[in-house]
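Trainee: I would like to learn how to read the packing of a model like this one. Where should I start?

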Amino acid sequence: MLHTKRDLRDALQRKAKSLDTTIRSLATYHRVRSERLALARENPVAFCEFVMRNETTQRLIYHCAPHQKVALMHAWENKRSVQIRPINHSKTFDATALALFMIGKFPNKRGFITGRVEKQAKKILSNVGRYIKHSPEFREVFPHVIP
C-alpha cells in the first residue's frame, strides 16, 4: 500500500527501471497517446492511424498514405462520396475505416456500402464487424459502441 508521495515516486521509479526507461518518457508516452486518442474521436485520418491494421500482417499502421488521407477527408467532409481508384489502392481499407468511424460518431444513423462486386461489400462489412468485436483500439476510441 502506497502511503506517501515518496512511496508513489519510488514505485514509479522501480516500474520505469524495470521497463528500462524513465518516468519522464512514460509520462510523455501517456500524454501523446491520450492526445492521439482524443484526435481519433474527431478526425477520420487520426482514427485510421490509431485503430486500423494492415490487412496482411495485422500490425497497426501509424501513418496513412497521402492518397488515403485525401480520400478519407473528402468522404468525411462531403455528404455523398464516390471513390473510383485502381485495383490495390486501398478502397476496401478506406471504406472499412470510414464506416467504423461513422458508426462510432453516429451509432444511431443508417448507411450503406455498395460496390460493383457483392463480395467486396461483404468483405467491408465483415471487416467492420471484426473490428467492432475484437479491436481493443476501436473499443478505446468508441467504448459506447456494442457489437
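Mentor: Start with the largest nonpolar core, which has 26 residues. Those with the most contacts inside this core are Phe47, Cys48, Met52, Leu100, Phe138 and Val141. Keep in mind that this is a predicted model.

Trainee: Which elements give two or more residues to this core?

Mentor: They are helix 2 (23-40), helix 3 (44-51), helix 4 (66-77), helix 5 (91-105), helix 6 (118-134) and helix 7 (136-141). Helix 5 supplies the largest share, six residues.

Trainee: Take one core residue, then. With which residues is Met52 in contact, leaving aside its neighbours within four places in sequence?

Mentor: Met52 is in contact with Phe47, Arg59, Leu60, Ile61, Phe93, Thr96, Ala97, Leu100 and Tyr131. Two of these, Phe47 and Leu100, are also listed among the core residues with the most contacts.

Trainee: Cys48 is on that list as well. How many disulfides does the structure hold?

Mentor: A disulfide is read from the distance between two cysteine sulfur atoms, with a cut-off of 2.5 Å. The structure holds zero disulfides. For Cys48 the nearest cysteine sulfur is that of Cys64, 3.1 Å away, and Cys48 is in no disulfide. Cys64 is likewise in no disulfide, the sulfur of Cys48 being its nearest.

Trainee: Are these two cysteines buried or exposed?

Mentor: Burial is read from relative accessible area, and buried means under 20%. Cys48 has a relative accessible area of 0%, so Cys48 is buried. Cys64, at 6%, counts as buried too.

Trainee: Next, helix pairs. How do helix 3 and helix 4 cross?

Mentor: For a helix pair, read the approach of the axes and the crossing angle, then the residues that make the contact. The axes of helix 3 and helix 4 come within 8 Å and cross at roughly 130 degrees. The two helices are therefore oblique to each other. Helix 3 contributes Pro44, Val45, Cys48 and Glu49 to the contact, and helix 4 contributes Lys69, Leu72, Met73 and Trp76. By class, this contact has six nonpolar, no polar and two charged residues.

Trainee: And at what angle do the axes of helix 3 and helix 5 cross?

Mentor: They cross at roughly 105 degrees and come within 10 Å, so helix 3 and helix 5 are roughly perpendicular to each other. Pro44, Phe47 and Cys48 of helix 3 meet Phe93, Ala97, Leu98, Leu100 and Phe101 of helix 5. The residues of this contact divide into eight nonpolar, no polar and no charged.

Trainee: What about a charged residue in helix 5? Is Asp94 buried or exposed?

Mentor: Asp94 lies in helix 5 and counts as buried because its relative accessibility is 4%. To see what surrounds such a residue, read its contacts beyond the sequence neighbours. Leaving aside neighbours within four places, Asp94 is in contact with Gln68, Ala71, Leu72 and Arg85. Leu72 also takes part in the contact of helix 4 with helix 3.

Trainee: Where is Lys123 found, and which residues does Lys123 touch?

Mentor: Lys123 is found in helix 6. Not counting residues up to four places away in sequence, Lys123 touches Glu55 and Thr92. At 33% relative accessibility, Lys123 counts as partly exposed. Separation along the chain and separation in space are read apart. Lys123 and Phe93 are 30 residues apart along the chain, and their C-alpha atoms are separated by 9.9 Å.

Key. Residues numbered from 1 in each chain as written. Predicted model: local features only at pLDDT ≥ 70, side-chain atom pairs only at ≥ 80, totals over all residues. Heavy atoms only, no water. Core = buried A, V, L, I, M, F, W, Y, C linked by side-chain atoms within 4.5 Å. Buried < 20%, exposed > 50% of the residue type's maximum accessible area, 1.4 Å probe, protein only. Helix = DSSP H or I, 4+ residues; strand = E, 2+ residues; numbered from the N terminus. Contact = heavy atoms within 4.5 Å. Axes fitted to C-alpha atoms, helices over the stretch in contact; angles between N-to-C directions. Parallel < 35°, antiparallel > 145°, perpendicular 65-115°, else oblique. Nonpolar A, V, L, I, M, F, W, Y, C, P; charged D, E, K, R; others polar.
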